[in-house]
Amino acid sequence: MTEIRVTPLGAGQDVGRSCILLSIGGKNVMLDCGMHMGYNDERRFPDFTYITKEGRLTQHLDCVIISHFHLDHCGALPYMSEMVGFDGPIYMTHPTKAICPILLEDYRKITVERKGETNFFTSEMIKTCMKKVIAVNLHQTMQVDDEMEIKAYYAGHVLGAAMFHIKVGQQSVVYTGDYNMTPDRHLGAAWIDKCRPDLLITESTYATTIRDSKRCRERDFLKKVHNCVEKGGKVLIPVFALGRAQELCILLETYWDRMNLKVPVYFSLGLTEKANHYYKLFITWTSQKIKKTFVQRNMFEFKHIKPFDRAYIDNPGPMVVFATPGMLHAGLSLQIFRRWAPNDKNMVIMPGYCVAGTVGHKILNGIRKLEMENKQMLDVKLAVEYMSFSAHADAKGIMQLISQCEPSNVLLVHGEAVKMEFLKTKIKQEFSIDCFMPANGETAVMETKHNIPVDISLSLLKREASKVGLLPPDAKRPRVLHGALVMKGSKLQLIDPADALKDFGLAEHQLRFTSTLSFDEEGPTTGTADKIYQLVKSQLKDFPTHYSSDGSITISDSVLVQVSGDEESKSVLVSWSYEDEDVGSYLLQLLKSELVT
């Protein structure tokens, strides 16, 4: 019995700061290394002192795996590798490797250059950290070392997002990161094969939600935007640079084209421009429709959507602005929100999940008076709408993934405790498997059972097959197979004992067993011996049987049966010696059933 141990340093009964420690087959793996958008103090990063109180992490971790480029999954990476200290391999997909440093640098600029924080990673640290990254392709098996291998699967969610299958010996774990089981306008649906891992670690952001039709949501979104701008209002859509930004830009671009609308639509300059460049570069990671139309027209080159300049914030008249970041916790989106919030003509549409502590989370929970950083109070009079264009799997999608990969255990992360509890019950009911949901700093332990594969030599199988006539095969009763178990290289083999002795240059010694059966029988012992001879001959037709003049019976030159008795007491003693226990026990059953009354 072996164990798999999982300890969340972040995203345990919480959304944000994903960082999960996995111990499997004597290896330690860190799954994601994110930051928490709801905190600006030391709680922003995972507590790495859980791994070691002092010194670098290199000797305590075999590798780090990053599922995708969102900051709540990779935002603490330079801090962990350069400030705490890790020199081992960091695995991620090619798009993640390309986009991750851009988002990290943008995050650093906001934190250090605008907010003036000091204990933070530098641009040089980001570059050094990214040199440790090994990029992986989808469905490519990467050998981390002699015992551990990893394989990436398409996760949807955002460009380059991947689920990872980690295997050490017979043990295996699938870590989903964030994923989406339904395709959208620019990305395909997540997919994994039936790998039957010992453990599936899955996100559970929308553990209790089953989303309505995507088409209804899109129609509702377009209607709200159109109504607001028609009345002269401004619409702010806070988005992250990659993912929902592209999805909603494609949606709005198509609608503006169809309706021939002239109201200006803008997106954040810089980040989203770079983002669109990477969508063009990694076109193979996008949806089937975009790949098909790419030759005629690039879906990411927009006619109606123009780059935004900060000078436009106070422009009169209606406009629509896609601004980063997506939870209104910093940056341009928060700056625009502060200017537009006091006007009830305006609207903010939150298209995805907001972490507790962010301005987005506060206004979605009905707070209409906000205390900003400089202690100023902000009256929120604009309309606040929430529309789930989130690229996370809903409850139905999570259950679908469990059906798809058939794990022995499930562990929930990246979700709220109450919602996780509900989903945990559902999983146990539907799949009859154990489900765990450890909080940050708690360790969940799963015991795993494994068969040890053994190769069997052909000569041994042939020898056993020759006994079939003696012992008829029975599916309900396992057969005992006698052989010599040897290890050749790293493989176990069961071979014929004679071959093993020959290989090791040893002499063979034979053990013979003797069984006796006593019963009462009328008449001379020769009559009993003849009776046994006829019985054995009729039951064991495939084996040559000889009857000697001294009353002994030989079966297939390996079993000797002798009959002796006392004629006065009518007691008969039948004894037989043999090498094979199966043959001996079979004879005992046969004689008992036919001779003993």
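Let's start with the open sheet in this predicted model: six strands with parallel pairing, in the order β14-β13-β15-β12-β16-β19. Look at the two ends of that order. β14 (305-308) and β19 (383-386) are the edge strands, and each has a single partner, so one side of each is left without a neighbour in the sheet. The strands aren't lined up exactly either: neighbours are turned against each other by 25 degrees on average, ignoring direction.

Now zoom in on one pair inside the sheet. Strand β12 (residues 234-238) runs parallel to strand β16 (residues 347-350), and 2 bridges join them. If you want a spot to click on, try L236, whose bridge partner in β16 is V348.

Next, the helices that sit on these strands. Helix α9 (residues 331-340) packs on the sheet and touches β12, β13, β14, β15 and β16, with its direction at about 150 degrees to that of β12. Then there's helix α6 (residues 244-259), which lies across β12, β13 (265-268), β14 and β15 (319-323) and runs at about 160 degrees to β15.

Finally, follow the chain to a helix pair. The axes of α11 (residues 395-405) and α12 (residues 417-431) come within 11 Å and cross at roughly 35 degrees, and the crossing is right-handed. Which residues in α11 and α12 meet? On the α11 side they are I398, M399, I402 and S403, and across from them in α12 sit L423, K426, I427, E430 and F431. Sorted by class, that contact has 6 nonpolar, 1 polar and 2 charged residues.

Notes:
Residues numbered from 1 in each chain as written. Predicted model: local features only at pLDDT ≥ 70, side-chain atom pairs only at ≥ 80, totals over all residues. Heavy atoms only, no water. Axes fitted to C-alpha atoms, helices over the stretch in contact; angles between N-to-C directions. Helix = DSSP H or I, 4+ residues; strand = E, 2+ residues; numbered from the N terminus. Left-handed = near helix turned anticlockwise from the far one by under 90°. Contact = heavy atoms within 4.5 Å. Nonpolar A, V, L, I, M, F, W, Y, C, P; charged D, E, K, R; others polar. Pairing = 2+ DSSP bridges.
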